[in-house]
Number of protein chains: 2
Amino acid sequence: MNKQIQIRTLKDLARLADVSTGTVSRALANSELISKKTRTLIQGLALEHGFQPNITARNLRTQRTGAIGVTIPLGHETGQHVSDPFFITMLGLLADALTERGYDLMLSRVIPANSGWLDKIVDSGRIDGLIVIGQSDQSETLDRVAARYRPMVIWGGYEKNQQHCSVGTDNFKGGRLAADHLIERGCERIAFFGDPSVRELSQRYDGCRAAMVKAGLEKKLTVVPAHLVADTAVPDISAFLGATGEKPQGIFAASDVIAMSALRALSDYGLAVPADVKVVGFDGLALSEHTVPRLTTVRQDLTAGAGHLVDLLLRRIAGEETDNIVMDPELIVRMST
Amino acid sequence: MNKQIQIRTLKDLARLADVSTGTVSRALANSELISKKTRTLIQGLALEHGFQPNITARNLRTQRTGAIGVTIPLGHETGQHVSDPFFITMLGLLADALTERGYDLMLSRVIPANSGWLDKIVDSGRIDGLIVIGQSDQSETLDRVAARYRPMVIWGGYEKNQQHCSVGTDNFKGGRLAADHLIERGCERIAFFGDPSVRELSQRYDGCRAAMVKAGLEKKLTVVPAHLVADTAVPDISAFLGATGEKPQGIFAASDVIAMSALRALSDYGLAVPADVKVVGFDGLALSEHTVPRLTTVRQDLTAGAGHLVDLLLRRIAGEETDNIVMDPELIVRMST
DNA sequence: AGAGAAAAAACAATCGATTGCATAAATATC
DNA sequence: GATATTTATGCAATCGATTGTTTTTTCTCT
């Protein structure tokens, strides 16, 4: 690459080729309107000088951006960071899926202070579409914005009459799987660890409860609204273990991260897993394979999920209507039950 | 928010307030050039109509973007995905640090096919600066681009005479820490697991080797060029364990992810950790606390590292010159040694 | 009241690429 | 060879905000 003069703009290139900027623009777009000869000439010059058109200018003109937004509303838990294992796993998968399709990924982490946070993102003019990871406690905001902004897909739980397009796992079924498994293993007193104000977690709770009711154990189900974050969950769980007279025989943690904290807390109290207490997690993250003991968990297929999120989003960007997707969970039995 | 007419542009707002677009622009920027009265009037209208200026247009005019690029060159390992735990941990931390400072994060994952990949990113006009996670085997490309593109900072190993600005851990010292610890624990035959064509890993190897030389154990050091990815590392390691007559007494894995694979492989061969073989990892990722047994590792302070990366980058964007940063590693002794 | 200074707002160029329309050049038709 | 038609290019408006310059308005002071 020899560059006596820096070729920075279409205008520079046009001067060099002794044509108009319009011609250069069309030539680089390989438009049929330009003769083959000038087209190759200009493309050659562009290559030689390593010319890259200014994307901002193009975006302004074409009213698109080539970037997809990914955001993580942390409504229910202000202390929760993007560094949470679930989020970063999903994020990595989305990055792979989007890059494969030629899109850039714009990441924003939000702590919804008011209902305008989502409008701000979709109206920012920076992105062609948005993927939201988790409904948090913001279903209403999501519904409201989804009504006017089409290219948006949400990872999370599906509920009848929701206005937004979602991809997720059948949390109810997953919760039932977990509870059935604990019951089958002989547990009667079961504790649910998780904050039911978050849609996905409440669905898991409902599934768990349904299984308990069916087994006639309804009265032996307790709820510990443990926080999602590992650090703050431990005290919550410890308080519970310290307080109750009767220890639970089984614990259904609403996420692997909570389950990890539970394992740590149980070990602090000298309770053996699975001998004294059995523990089931949810998510099937990589880390669940490396806990002590290895964690029985309800697996969500996040790789497929990320693929679906991107597929649906691109179809919505293209103007199509799309359905919601609910995937099947899978119980993975390991050493903790 | 009542909006009979959608207020989408400065012009719309100007018409509404019966002033010129220039005035609106200055009013929203809270410029002293505009009278307090009109300023509050216009700001009020903007708020009322939920007006958001078009960022693309602003970027075109101001020649900045408000976004920082983060890229992960996967030169040494094509199979390696963004979903690798080290990368996603770093990514999450960077997202936090950048968001805090009001920048957006643009993620691109690259498999460097030719030396132009980096030019393409920095010349894309999409970002104000770039953070590169890991030198991979691309030091030359990084040096070349760093010479002409200032706002770029690289996470990785520091080496004399490098042209690019780096933030990282003292890998040599870390390697020495790990080896010294293994030697102190009575190991003589030590195996290094890691690909030395990657700068950071080769530095860790050098430190390890230095410790061995000092202890007179130079001849008992072997290298297994295990791949970075968990899935492909297991076969490499298994092959090594199956082949050698004398099993190593100590293993220094160049990363926690490799160490995890080593633990799995060792357990497959019926070797007990730490009784038969002692294992040290590197990185200090969250997952290292949840392996069986809990992993002794050399910790890098990634939170501080992410903070430094962002700080240096912003200073470089502002035109300052900056030094490299080399942080101290810390040995964390757990149950695997 | 009127000149001069200061404050406020309007005007217009600009960022760099895209694209509808007009025009010039080349080819085809009779 | 003159006109009709196609093909290739140039011209200029446009996307929406920012900002230097100019003009208008308001205020001050004699």
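**Close-up views of a predicted two-chain model**

**Figure 1. Surroundings of I237(B) in helix 10 of chain B.** I237(B) is part of helix 10, which covers residues 230-243 of chain B. The model shown here and in the other views is a predicted one. The relative accessible area of I237(B) is 0%, so this residue counts as buried. Apart from neighbours within four places in sequence, I237(B) has contacts with F193(B), A226(B), I258(B), S261(B), A262(B) and A265(B). A second residue, M335(B), gives a sense of distance: 98 residues separate I237(B) and M335(B) along the chain, and their C-alpha atoms are 21 Å apart.

**Figure 2. Strand 9 of chain B and its pairing with strand 8.** Strand 9 of chain B consists of residues 278-283, and 6 of its 6 residues are buried, so the strand is largely enclosed by the rest of the structure. K278(B), V280(B) and F282(B) point one way from the strand, while V279(B), G281(B) and D283(B) point the other way. The residues on both sides are buried. Strand 8 of chain B, residues 250-253, runs parallel to strand 9 and is joined to it by 3 bridges. In one of the pairs, I251(B) has V279(B) of strand 9 as its bridge partner.

**Figure 3. The interface of chain A and chain B.** On chain A, 36 residues are in contact with 36 residues of chain B. The size of an interface is often given as the accessible area lost when the parts come together. For chain A and chain B, the area buried between them is about 3,600 Å², with 54% of it on carbon and sulfur atoms. Between the two chains there are 8 residue pairs in polar contact, counting pairs with both residues at pLDDT 80 or more. On the chain A side, helix 4 (55-62), helix 5 (85-100), strand 2 (104-110) and helix 11 (256-268) each supply at least two of the residues that touch chain B. Helix 5 of chain A gives the most, with 8 residues. Sorted by class, the side of chain A that touches chain B has 14 nonpolar, 15 polar and 7 charged residues.

**Figure 4. Strand pairing and a salt bridge between the chains.** Strand 2 of chain A pairs with strand 2 of chain B, residues 104-110, in the antiparallel sense over 3 bridges. M106(A) has M106(B) as its bridge partner in strand 2 of chain B. The interface of chain A and chain B has 2 salt bridges. One of them links D104(A) to R126(B), with the closest N and O atoms 3.0 Å apart.

**Figure 5. Helix 1 of chain A and the residue after it.** Helix 1 of chain A spans residues 10-17, and its buried residues include D12(A), L13(A), A14(A) and A17(A). The buried residues of this helix pack against helix 2 (21-28) and helix 3 (36-48) of chain A. D18(A) follows helix 1 and has a positive phi, near 60°.

**Figure 6. Y158(A) in a loop of chain A.** The loop that holds Y158(A) lies between strand 4 (152-155) and strand 5 (165-169) of chain A. Y158(A) has a relative accessibility of 36%, so it counts as partly exposed. Not counting residues up to four places away in sequence, Y158(A) touches S166(A), R199(A), Q203(A), N324(A) and V326(A). From C-alpha to C-alpha, Y158(A) and I131(A) are 15 Å apart, and 27 residues separate them in sequence.

Definitions and conventions
Residues numbered from 1 in each chain as written. Chains lettered and ligands numbered in written order. Predicted model: local features only at pLDDT ≥ 70, side-chain atom pairs only at ≥ 80, totals over all residues. Heavy atoms only, no water. Contact = heavy atoms within 4.5 Å. Buried area = accessible area lost by both parts, 1.4 Å probe. Salt bridge = Lys/Arg side-chain N within 4 Å of Asp/Glu carboxyl O. Polar contact = N/O pair within 3.5 Å; in protein donor to acceptor, adjacent residues only side chain to side chain. Helix = DSSP H or I, 4+ residues; strand = E, 2+ residues; numbered from the N terminus. Nonpolar A, V, L, I, M, F, W, Y, C, P; charged D, E, K, R; others polar. Pairing = 2+ DSSP bridges. Buried < 20%, exposed > 50% of the residue type's maximum accessible area, 1.4 Å probe, protein only.
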